[in-house]
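Dear colleague,

I am passing on the structure we talked about, and below it I have set out what I found, in an order that should be easy to follow with the model open beside you.

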Amino acid sequence: MSELLARISDHPLDPAEVEKAVSGPDHGGIVVFTGKVRDHDGGQSVSSLEYSAHPQAEQFLRKVCEEVAASSGLPVAAVHRIGSLTIGDLAIVVAVAAPHRAEAFQTCAELVDRIKHEVPIWKRQMFADGLSEWVNACG
């Protein structure tokens with residue numbers, strides 16, 4: 001397996017790059033999760049998002065990925081976007097490969113949840129009415 005892909009990026013995300021980072025001949029199931037900016041939240045119309053990250057967010061992301069890979073024995077990869085995003089832009093891409101689909105789905109869900117709760121990334125939601133709010137969240 002090649003070097004672990006765990007990155008914070010201010011450039012558009014490429015799901016194929018993240019999938020390639022976990023692909024191999026011994027894994028028949030690959031789950032790629034993409035989190036996109038949606039046009040609503042909590043009953044309000046969202047016009048755009050802005051993601052900000054702690055200076056060490058990438059180290060936190062790498063640690064989470066390493067821990068999930070070690071506990072599952074599976075290759076994992078994750079890239080999270082920062083900066084200004086519009087509706088439909090990818091905010092996060094996570095991939096997990098496994099011999100069978102059930103392991104890949106379960107591990108991918110665990111990885112996304114851990115990133116959301118443990119990696120210091122904040123989301124500012126801009127609403128259509130001109131107001132905004134900050135939340136500690138991922139994708």
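**Salt bridges, cores and cysteines**

Glu118 is partly exposed, with a relative accessible area of 35%. Please keep in mind from the outset that this is a predicted model. The side chain of Glu118 meets that of Arg114 in a salt bridge, with 2.8 Å from N to O, and both residues lie in helix α3, 4 residues apart, which is about one turn of the helix. Why might such a spacing suit a pair of side chains in a helix? An α-helix has 3.6 residues a turn, so residues three or four places apart point the same way. Arg114, unlike a residue on the open surface, counts as buried, because its relative accessible area is 18% and the cut-off for buried is under 20%.

A second pair follows the pattern of 4 residues apart, this time in helix α2, where Lys63 and Glu67 are both found. Their side chains form a salt bridge of 2.8 Å, N to O; Lys63 is partly exposed at 47% relative accessibility, and Glu67 is also partly exposed, at 30%. Salt bridges that share partners join Lys63, Glu67, Arg114 and Glu118 into one network.

How many salt bridges does the whole structure hold? The search finds 5, and one of them is formed by the side chains of Arg38 and Asp41, at 2.7 Å from N to O. Both partners are partly exposed, Arg38 with a relative accessible area of 41% and Asp41 with 21%.

Turning to the interior, the largest nonpolar core has 31 residues, and those that touch the most other members are Leu61, Cys65, Val76, Val94, Leu111, Ile115 and Val119. Two or more residues come from each of β1, β4 (44–53), α2 (57–72), β5, β7, α3 (101–118) and β8 (121–127), and α2 gives the most, with 6 residues. If you select Val119 and set aside its neighbours within four places in sequence, you will find it in contact with Ala57, Phe60, Leu61, Val64, Arg114 and Asn136. Apart from this core lies another, of 11 residues, which includes Leu13, Val22, Leu90 and Val93.

Val22 also belongs to helix α1 (residues 15–22), whose buried residues are Val18, Ala21 and Val22. Seen down the axis of α1, these buried residues fall within an arc of 90 degrees, so they line one face of the helix. Among the elements that cover them are β1 (5–9), β2 (29–36), β5 (76–81) and β7 (90–98). At the start of α1, a side-chain oxygen of Asp14 comes to within 3.1 Å of the backbone nitrogen of Ala16.

Finally, how many disulfides are there? The count comes to 0. Cys65 is in no disulfide, and the nearest cysteine sulfur to its own, that of Cys108, is 10 Å away. Since a disulfide needs the two sulfur atoms within 2.5 Å, that distance rules out a bond between Cys65 and Cys108 in this model. Both cysteines are nonetheless buried, Cys65 with a relative accessible area of 0% and Cys108 with 4%.

With best wishes

Key
Residues are numbered from 1 along each chain as its sequence is written. This is a predicted model: local features need pLDDT of at least 70, side-chain atom pairs count only at pLDDT 80 or more; totals for chains, interfaces and linings use all residues. Side-chain values use heavy atoms; hydrogens and water are left out. Buried means under 20% relative accessible area, exposed over 50%, partly exposed in between (1.4 Å probe, protein chains only). The arc is that of the directions from the helix axis to the C-beta atoms. Contact means heavy atoms within 4.5 Å. A polar contact is a pair of N or O atoms within 3.5 Å; within protein, one must be able to donate a hydrogen and the other to accept it, and residues adjacent in sequence count only if both atoms are side-chain atoms. A nonpolar core is a set of buried Ala, Val, Leu, Ile, Met, Phe, Trp, Tyr and Cys residues joined through side-chain atoms within 4.5 Å. A salt bridge is a side-chain nitrogen of Lys or Arg within 4 Å of a carboxyl oxygen of Asp or Glu.
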